[in-house]
Structure formats: C-alpha cells, structure tokens
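Below is a short report on a two-chain model. It takes up a helix pair, the interface and then the strands of chain B.

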Amino acid sequence: MGKHQIVITPGRSSSNYWKDIYRYRELFYVLSWRDIKVRYKQTAIGILWSVLRPFLTMIILAIVFGYFAKLPSVGDIPYPLLVLAGLLPWQFFANSTAESGNSLLVNQNLITKVYFPRIIIPMSATVTSFVDFLIALVLMLFLMLFYKFVPSWHIIFLPVLAFLIFILSFGFGTILTALNVKYRDFRYILPFLIQIGLYLSPVGYSTEVVPDNVFWLYSLNPMVGVIEGFRWCLLGESSVQAGQLFISTSVSLGLLVIGIRYFRNTEKYFADLI
Amino acid sequence: MSELAIKVENLSKSYQIKGTEKQGYTALRDVLTEHTQTFFSKVSRGQNPLSNSIKQKTFWALDDISFGVEQGEILGIIGRNGAGKSTLLKLLSRITEPDKGKITLNGRIASLLEVGTGFHPELTGRENIFLSGAILGMKRGEIKKHFDEIVEFAGVEKFLEVPVKRYSSGMYVRLGFAVAAHLETEILLVDEVLAVGDIEFQQKCIGKMGDVVKSGKTVLIVSHNMGTIKKLCKSCMVLEKGNLLFYGDTELGINEYKRNYSLAAVQASWENDDLKNDKVFLKEIHVKDKNGTVTNLFLNSQEIYIHFIVEASEDVRNFTLAFDIMKNNEILLRSRQVDFVEADILMKGEVTELICKIPSWFFNAGDFYITPFLSIHCVESLFDSSDPLVKFTVKLDPSRSKYHDVLNEQNHPGLIFPTFNWKVEKI
C-alpha cells in the first residue's frame, strides 16, 4: 500500500518532473500510436497524402526556381532532387510545429480531465510528423532511382541530421504549444511565419546563390545548416559549412532548453486556462 | 484502525477573475492593445507607466478544507453549483495544483470524470478500450487482463471492430464506463457518471460500484442525485462556497444540503456563484399566467406557463430539460422539451428560456410541485435537484358551473380535471 504514496502540495509536481514523464511513458506511446493510426485510417489517402504533398511542392518549386528563375544546381545534381532533399526536413519542421502548436487545444478534453505530464502531447505530435517524414524519405529514394543517382557514403550521417531536425522541431514546437494555450490568436500568426520561413530557408534553391555579404546573416537561420546538411548527406555535395551546422546545433539545443523551461512554467495553469 | 487513503490538510485553491474580462482565454492582440492603452493613459496622468494596476478579483473555489477518508470508504460529495466539488476532484486528480495545503494519497488514484474521456471517434471499439485505458492510467497488461470483461460488461461484442463514431450514444457511454469500472487503482473519483444510459445499465453501474466497494477501493462520488448518494455512500460531505459545511452520516448530510435548497413558492432563482464548473446552469424558474404575471395561484380554467432560464458555459448538444409535476409526493407527469421541439443545442454563453404551456382545464385542485432535471441525453446528468423547487396551487373555477363553488380536493378526488364532453339528452 505504502509504495504508491503521492503527496500533492503547491509546486510539488515540478520536483518529480522527469520521473513523472518516465512513469507516463506508456501514455506517450499510446497517444503517438493514436495520432499515427488516425492519420492513416483512410489508408489509401492517408499515406498517399504524405507522399503527394512533398511531391507536388517539389514539382512547383523545381519549376519556379529551377526552370523560370534558372537558379543553378550544385554540381550535376538534378534540380528536383536538390529541391526534395531540402523539402524533406523543411516539411517535417513546418508540420510538426504546426501540429504541436495545436496539439493542446485538440486534446483539451484530456487536459481538463486527466493528469499526465503535458509535454507528452507536443512530443507525440512531433513523433507523428516524424513518421510522415520517414514516408517522404522513401519518395526521395524512388526519385534517386528514377534519376539513377547513387548516394555517397555521407548517407550514414542521415540519422544524426534527422535527430538534429527532431530536436529543433520539438524545441520550437513546445514554445509554440505553450504560447498557443496562453494567447489563442497565436495560431493565426504561425502559418504566416512558416510561409516566410520557406523563402528564408534554402528549400527551393541552394545556399550558393546567396550573396557573400549577407551569407552569415542568412546562416543565422538554423534551418540553413540543417537543410544543407541533408543535401550533403543525401546527395553527397552541398555548400554546407561547419559554422552553419554549429549554429543549427546550438540553436536547436537552446530552443529545446528554453522550450521545456517555458512549457514547465506555464503547464501548471493549462487546465485553468483552456 | 485502517490507514487513511486520502488525507487533506488546509487545502485552498483560488482563481483570479479579471474585473472586466469575460472570455476564458486571452488573445495576444488584446494583451498588446490593453498594455499600450494603459501605458499611455498612465503617462498622460503622470503615473509610472510600468507599475501594474490591472485589478483582479480573487475567488476562493476551496477555502482551507481538511478531512480524511478511510481506506475502503465510499464518500459522497454534495453541494450546490459552484460549491467547489469539481475543484476538489480536480485537485485530488492533479489536474490543477492547489495554492495552499497538502494532500496525501495512499494508493494510485484514477478519476472517472466523464465517460468516454479520450475516446477517438475514428478508432474502433477495441482500439478505444486500449486508448481510454491508458489515458485513465492503466497498464497495457491490465487492460489485456480485463479486456473480455470490459467488452462483456459494455455489451459491445459485435461492434468491437466498428469505429465508435458509429456507436449509439448509449453504447458509447456503456463502453466508457466499462473501461473505467475495471481500473485497478486503489482510489477512484467519480463525477456524475452514474446517471447515464438506460435504467438497466444504470442498475448495472450501481451494482458494479457496489462490487468496487467490496473489493476495498476507496471511492469519492460527486452527484446531484441524492438517491444515488443515499444508496451508495455511508458518509458524505457537504460543500458550500468552498467551505466544508458538513462531514458525516449521509442522511444527516443530505438534510443539511436540503436545508440550503429550500422550496420556493412561485419562482426560484440562484446567483451564479459558480465559475465554470457546470456546463449548463439553471438560473431561474418562474410560474406565470397567460399575461406573464408571476403567480402561484391559478384557477383550473387558466393556462399555466412554466419558464426555465438556463445558461450554458460551453457548447452542449442533446440538451434535455425535463420536469416532473408532483402531487402528494407522487409523480403526476413528466415533460421534456425534446419530446415536442428539437431545440437541443445550447451555445457557450447563451442564455435560453424554455417555456412549457400547460393547457387550461388540466389539473384538479391542489398543491403541485415542480422538480426540474437538466441532462445531456443518455450521457450526463447536469442538474438533478431530486426535490421539488417550485410550488403552485390550483383552485377550481366556479364560473364554469354553479356546482363548482363547493368543490375542493376532498370531495372531488383525482389528480387531473380535464373537460370531457358531456351530452345530456332526454330519451
């Protein structure tokens, strides 16, 4: 009997924070499983959609930047491959931040009725988007086959970069989640930010076209390092520099720490605010 | 002596209510404009623009409450809307944190706050059992162990692979309760779930609750239904405005509660001292005549209009308002708005008036009592006073027949006095 003693006092929950997350890990699995399951419930359309979205966006971007604007590719990499390699991490980032931003509101009936560490919710939203990302990666492989493009040995670093983009998305996502609960109109700002971000990141073009005088200012965007890193991994060639990757890594870790902190400070009031 | 399952010491919880704001949430836009406005108005008045002066009112939902619940005890919690019942359950289940005080729980705790919590409409019955179980805090192994029992209890064997969005509301509720009823936690919090489903299933639920007690679980039940509380609980606590009014024997507690809910002649109204606990709040009941005059005395030749005013604090579908008219402690009739009009949707913040017209020449003479019930059809009881709240008196109209003037309840028995067609013919 005594082994399950729980003491509730003001401010108590924060002292057992990490232990609690571990104790509720099963709920985390179940919620992620639910989100994935619901997403692909109408099997054909569900999975097709995760492939179709990057595919169609790739075609548009390749036409606009590669054909109309005649921007150069890197080496002899086909332009659609260049675009898709940038689009994969970008769409993962955009989807997961949007999903986690809304996740608490979508799950508000749970939050107002059951206790669990709230961070599980944006975490599982990020995982769900990650599954989409993995599916889109298969599209990348098919496209490489189509162009008879052989990836270099750099591809072994793919998990490292996937991990980096995961951390970046999750950190940014938790901040947005907490902001979204507090200020309900924040979700109208988010799509706008993501739209701008698409052009400020080297998704439809390569960083090589960025003029030298603004190069480092441009590289302050953490997505620059990540996207060029992905190209380096998948396509073997890219203008990525160690400095850019350093910026991406430190911003990702910084956002993660700030995000979790901010989330912890506000999560106590979630049930009262929602 | 058994160990205390729940020990609550000096527990307090407050909410801040902003003077003007009515919305439950803030918009960044409003915060920015508000701050700029106050900044400039302070500058123009020569005050320090950075000092904080937004007036906030503190509302103590629970104020310095202490009690202990013994292991295996079933405790009823009763009180008016806004008395702090739901806040207490929220604190016990850790959904929100207390401001002061301490709670010690010996054992795992789970709450059955609303059936079907966490159900996803797209998932099948089988998948939802695992989902809902996990949300309520069950381990996968536990759910597997009880899976067959849960399915059998809910009676949904044939529909296990069907998405729950295709379930009838009755099936949905049964499945929700079935999962929760098989929780293996030592402490269970129950909020108004017993008033769900059809009569047969309600009996099953009450039976199940009885089994739960025998298994040594500690159970806290919040209900507006005094019948349920009487049946299940040996002891109860009465909360009023965040204070513990009474703790002890159920009968005495219910009497204490009823004393606060005294019978009103003519009309009844309550101040909404509740923050947001109740989905739908019955604000007022009036009994009026054809001209809209509030009265409690009618001739049986007059029409009677019963007005109910309700306010919703969130969007509600399948809203049902019913009332019983009682005479001599027996139900003469029951009427529900949904039997006649399909106006069953309430929007958040809306105040709605429901009017029932009772035709003339219906009641016999006597005193009649109105007992209202609010519910979400087959899902949840929102308000159940279990006792009449309003009384009115009917006298016979002597003008119809000269024989009426000496008639009264005693020499003219029967509950109703309809006008039948009498023909008198000489043969």
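Two residues are in contact if their C-beta atoms, placed from the backbone, lie within 7 Å. Helices (H or I, at least four residues) and strands (E, at least two) are DSSP runs, numbered from the N terminus. The model is predicted, so local features need pLDDT of at least 70 and side-chain atom pairs count only at pLDDT 80 or more, while totals for chains, interfaces and linings use all residues. Residues are numbered from 1 along each chain as its sequence is written, with chains lettered from A and ligands numbered from 1 in the order in which they are written.

**Helix pair in chain A**

From helix 2 of chain A, the residues Leu27(A), Phe28(A), Leu31(A), Ser32(A), Asp35(A), Ile36(A) and Arg39(A) take part in the contact with helix 6 of chain A. Helix 6 of chain A answers with Ile120(A), Ile121(A), Met123(A), Ser124(A), Ala125(A), Val127(A), Thr128(A) and Val131(A). By class, this contact has 10 nonpolar, three polar and two charged residues. Here Ala, Val, Leu, Ile, Met, Phe, Trp, Tyr, Cys and Pro count as nonpolar, Asp, Glu, Lys and Arg as charged, and the others, Gly among them, as polar.

The axes of helix 2 and helix 6 (residues 120-146) of chain A come within 9 Å and cross at roughly 45°. Helix 2 of chain A is therefore oblique to helix 6 of chain A. Axes are lines fitted to C-alpha atoms, for helices over the stretch in contact, and angles run from 0 to 180 degrees between N-to-C directions. Angles under 35 degrees count as roughly parallel, over 145 as roughly antiparallel, 65 to 115 as roughly perpendicular and the rest as oblique.

**Interface**

Chain A brings 32 residues to the contact between the chains, and chain B brings 38 residues. On the chain A side, strand 1 (5-8), helix 2 (25-39), helix 5 (108-111) and helix 12 (270-273) each supply at least two residues. Helix 2 of chain A gives the most, with six residues. The chain A side holds 15 nonpolar, seven polar and 10 charged residues.

Strands also join across the interface. Strand 1 of chain A and strand 4 (residues 100-106) of chain B run antiparallel, joined by four bridges. Ile8(A) has Ile103(B) as its bridge partner.

**Strands of chain B**

Chain B has eight helices and 20 strands. Two strands pair if DSSP finds at least two bridges between them. One open sheet has six strands in the order 5-6-7-3-8-9, with mixed pairing. Strand 5 (109-112) and strand 9 (243-249) of chain B are its edge strands, each pairing on one side only. On average, neighbouring strands are turned by 20° against each other, direction ignored.

Three strand pairs of chain B are set out here.

| Strands of chain B | Sense | Bridges |
|---|---|---|
| 3 and 8 | parallel | five |
| 8 and 9 | antiparallel | six |
| 15 and 16 | antiparallel | six |

Val238(B) links two of these pairs: Ile78(B) has Val238(B) as its bridge partner in strand 8, and Val238(B) has Phe246(B) as its partner in strand 9. Strands 8 and 9 of chain B form a hairpin with two residues between the strands, where Lys241(B) takes a positive phi near 45°. The hairpin of strands 15 and 16 of chain B has two residues between them, and Asn328(B) in its turn has a positive phi of about 50°. Phe323(B) stands opposite Ser335(B) in strand 16 of chain B.
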